[in-house]
Amino acid sequence: MSWVYLFIAAVCEVGWPVGMKLAGLGGPLRWLWIAAAAVAMTLSGVFLYLAQKQIPIGTAYAIWTGVGAAATFAIGVIFFKDSASLMRMLGVALIVGGVIVLKISD
């Protein structure tokens, strides 16, 4: 169950930067996006806490941040037209590779 908690934590980790990005675009929903980001941040922390009861802290934290960073990068490229240069893609591939190595070594 700890790996499920860690996956949920990583998904929620993506919610807060996306919420902040959407809030930064302005408009009448600005405060709703800020609130959604705060909820996502809180849930991410709670599920990370639950995951760390069984998963070593270094592994859990690295996977949590790695998955969150890679998914946020993908969302930025797909929905916000962020740059998808070769070097940026290589950087994300290295993060994902590190997460995979951590998972299979546990």
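In the predicted model, S44 is in contact with A9, C12, E13 and W64, its neighbours within four places in sequence being left aside. The side chain of S44 also reaches the backbone oxygen of A9, at a distance of 3.0 Å. With a relative accessibility of 0%, S44 is classed as buried, because the limit for that class is under 20%. The residue belongs to helix α2, which comprises residues 30–51.

The buried set of α2 consists of A37, A40, S44, F47, L48 and A51. Viewed down the helix axis, these buried residues fall within an arc of 105 degrees and therefore line one face of α2. They pack against two other helices, α1 (2–24) and α3 (57–79). On the other side of α2, by contrast, W31 and L32 are exposed.

The length of α2 was also examined. For its 22 residues, a rise of 1.5 Å a residue gives an expected span of 32 Å, and the end C-alpha atoms are 31 Å apart, so the two values agree.

A further residue of α2 is T42. A polar atom of the T42 side chain lies 2.9 Å from the backbone oxygen of A38. T42 is separated from W16 by 26 residues in sequence, while the C-alpha atoms of T42 and W16 are 9.2 Å apart in space. Polar side-chain approaches to a backbone oxygen are thus found in α2 at S44, towards A9, and at T42, towards A38.

Notes
Residues numbered from 1 in each chain as written. Predicted model: local features only at pLDDT ≥ 70, side-chain atom pairs only at ≥ 80, totals over all residues. Heavy atoms only, no water. Helix = DSSP H or I, 4+ residues; strand = E, 2+ residues; numbered from the N terminus. Buried < 20%, exposed > 50% of the residue type's maximum accessible area, 1.4 Å probe, protein only. Polar contact = N/O pair within 3.5 Å; in protein donor to acceptor, adjacent residues only side chain to side chain. Contact = heavy atoms within 4.5 Å. Expected span 1.5 Å × (residues − 1). Arc of directions from axis to C-beta.
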